[in-house]
Amino acid sequence: MRFDRRIAWLLIVFLVAVSGLQGQSAPVPVADRYKPAADKIIAAALNDNDGYKDLTYLCDHIGNRIAGSDALNHAIQWAAQTMKDKGLANVTTQPVSVPYWIRGHESASLVAPFNRNLHILGLGKSVATPAGGITAEIVAVSSFDELVALGADRVKGKIVVYNEPWKDYGDASQYRTRGASRASALGAVAVLVRSATGLALAQPHTGTLFYDANAPKIPAAALTVEDAGLLARLYAEGAPVKVHLELENRLVDSVPSANVVGELVGSEHPEQVVVLGGHIDSWDVGQGAQDDGSGILASLEAVAILKKLGLQPRRTIRVVFWTNEESGASGAAAYRKAIGDEIKNHVAAIEMDTGAEAPTGIGYGKMGRGANLAIPAAPDPRSVAYVNQIAGLLASIGVTGYVPGGGGTDVEPLTNEGVPGLRPVNVNTHYFDWHHSEADTIDKVDLNDFRKNIATLAVLSYILADTPEVLAGSKE
Ligand SMILES: [Zn+2]
């Protein structure tokens with residue numbers, strides 16, 4: 001009898017182990033065990049005003065905060081104090097060196113076949129134009145294939161205008177990130193890139209570019225959707241179209257910055273960590289409200305609510321505001337370096353960096369870079385079922401279940417080494433209308449949608465930090 005029970009127990013442990021979930025708890029469903037706590041958290045989050053108040057302060061009083069700027073340094077000090085005020089433990093600023101790209105005077109205009117001002121924003125990390133600017137004929141293309149088809153003969157000495165039709169951010173942003181080097185490899189002298197947005201409201205959207213080491217660095221700027229269309233139509237008429245471009249940017253390679261870290265320390269396994277956060281830097285336009293003020297302050301408020309409710313999980317929840325996500329992710333790399341071997345104690349990494357629109361799901365599993373953010377990788381089915389149970393606890397606020405692809409840029413060094421990555425997934429209706437533009441301001445963040453994101457992060461991080469089970473890793 002005894003022997004049989006031992007065999008049965010071993011069988012259960014074995015089944016749990018091979019399924020990717022580890023632990024010895026009785027198999028009461030997660031959803032049943034955590035329903036009372038989840039309901040309390042949701043009720044608190046839906047009435048929370050503190051998180052939105054913090055976000056409003058960050059946006060209105062500190063404003064946009066590009067890596068390396070005084071504004072970002074101010075935000076970092078303010079964030080550390082805010083974490084302390086909310087009762088987080090072990091609040092520290094973790095030093096990180098970041099590039100500081102400084103936008104100077106910039107302008108662009110059509111000079112032939114007639115004069116017309118063009119609306120631009122230089123792309124982050126772009127080199128400047130020579131003194132006096134560049135005046136050159138353009139070639140307009142709607143894809144890299146068209147650029148290649150033109151060939152070096154027709155691209156040399158020209159300004160390449162990318163007028164790619166909007167499909168999604170992953171598709172459009174590659175012209176911003178890679179367009180300059182692809183064009184300069186064929187002899188182009190500058191590029192103008194249609195803004196990576198689905199909404200044309202005469203607003204340029206900036207963002208970083210990456211130069212290839214083996215192509216000359218040429219100046220690059222984002223055009224409004226309207227101006228990109230104008231240039232493409234004029235080019236298609238066949239007569240020479242000329243543009244004058246001036247960018248007086250400069251780049252300081254390395255200035256001091258910091259990640260901001262604070263904890264809700266676990267009651268039983270303080271050394272085991274669920275890391276949760278977003279990025280504190282933004283572009284140098286708008287207020288960095290959705291991208292990613294909403295992510296960091298929803299993360300912080302999620303933990304503040306757990307504290308207020310007296311919900312201390314068994315493991316530690318660590319809130320991190322990463323620096324320099326936008327132009328190199330050196331904050332993410334510094335965090336990975338700082339934790340060293342402790343990465344083995346990271347049981348989950350949750351990142352919120354797609355705005356605070358109404359949440360609809362929980363992203364989990366291996367995340368691809370670029371197109372649509374998520375590349376499904378068929379993660380462990382038991383873990384997917386577990387995520388679905390957590391999502392089920394959020395059904396009252398519109399979260400319906402698991403979505404393939406979790407994590408994000410700031411936790412990528414962790415998920416690349418096997419830490420399970422998660423993220424709140426939302427309706428994504430307007431995020432790229434505002435993203436990286438002057439329009440990313442506090443008025444775009446809906447209070448109730450923001451509260452729902454706080455609820456999602458709080459329930460998710462609390463359960464992941466408290467249950468004996470852990471999710472299967474992100475490494476296949
Ligand atoms: Zn972001």
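This report describes a zinc site, two sheets, several salt bridges and one buried residue in a predicted model.

The model is predicted, so local features need pLDDT of at least 70 and side-chain atom pairs count only at pLDDT 80 or more, while totals for chains, interfaces and linings use all residues. Residues are numbered from 1 along each chain as its sequence is written, and side-chain values use heavy atoms, with hydrogens and water left out.

## The zinc site

The zinc ion has protein donors from His279 (NE2), Asp291 (OD) and Asp353 (OD), with Asp353 listed twice, at 1.9 to 2.7 Å. Donors are N, O and S atoms within 2.8 Å of the metal (3.2 Å for Na, K and Ca); water is not among the atoms, so sites may look incomplete. The angles among the four donor atoms run from 52 to 148 degrees, and the site is irregular. Four donors count as tetrahedral if all angles lie between 85 and 135 degrees; four count as square planar and six as octahedral if opposite donors are over 155 degrees apart and all others between 65 and 115; anything else is irregular.

Along the sequence, the donor residues follow the spacing H-x11-D-x61-D. His279 belongs to strand β11 (residues 269-279) and Asp291 to helix α8 (residues 289-308), 12 residues apart. Helices (H or I, at least four residues) and strands (E, at least two) are DSSP runs, numbered from the N terminus. Both His279 and Asp291 are buried. Buried means under 20% relative accessible area, exposed over 50%, and partly exposed in between (1.4 Å probe, protein chains only).

## Two open sheets

One open sheet has eight strands in the order β1-β10-β12-β11-β13-β16-β14-β15, with mixed pairing. Its edge strands, β1 (89-102) and β15 (401-404), each pair on one side only. Two strands pair if DSSP finds at least two bridges between them. From one strand to the next, the twist averages 25 degrees. Within this sheet, β13 (residues 346-351) and β16 (residues 421-426) are parallel and share two bridges; Ile350 has Leu422 in β16 as its bridge partner. Helix α4 (residues 70-85) packs on the sheet and touches β1, β10 (250-264) and β12 (315-322), with its direction at about 5 degrees to that of β10. Axes are lines fitted to C-alpha atoms, for helices over the stretch in contact, and angles run from 0 to 180 degrees between N-to-C directions. Contact means heavy atoms within 4.5 Å.

Another open sheet of eight strands, also with mixed pairing, has the order β3-β2-β9-β5-β6-β7-β8-β4. Here the edge strands are β3 (116-118) and β4 (120-122), each pairing on one side only, and the twist averages 30 degrees from one strand to the next. Strands β5 (residues 134-141) and β6 (residues 159-162) run parallel and are joined by four bridges. Val141 has Tyr162 in β6 as its bridge partner. Helix α5 (residues 144-155) lies across β5 and β6 at about 140 degrees to β5.

Val155 lies in helix α5 and counts as buried, at 0% relative accessibility. Leaving out residues up to four places away in sequence, Val155 touches Leu147, Leu150, Val160, Ala183, Leu186, Gly187 and Ala188. The C-alpha atoms of Val155 and Glu137 are 9.6 Å apart, although the two residues are 18 residues apart along the chain.

## Salt bridges

Side chains of opposite charge can pair when their charged atoms come close. A salt bridge is a side-chain nitrogen of Lys or Arg within 4 Å of a carboxyl oxygen of Asp or Glu. The whole structure holds 15 salt bridges, and the table lists three pairs.

| Pair | N to O distance |
|---|---|
| Lys86 and Glu301 | 2.8 Å |
| Arg314 and Asp466 | 3.2 Å |
| Lys444 and Asp443 | 2.8 Å |

Lys86 lies in the loop between α4 and β1 and Glu301 in helix α8, so this pair ties together parts that are 215 residues apart in sequence. Both Lys86 and Glu301 are buried. They also belong to a network of salt bridges that links Asp48, Asp50, Asp54, Lys86, Glu301 and Lys308.

Arg314 is partly exposed at 30% relative accessible area, whereas Asp466 is buried at 8%. In the remaining pair, Lys444 is partly exposed at 24% and Asp443 is exposed at 55%.
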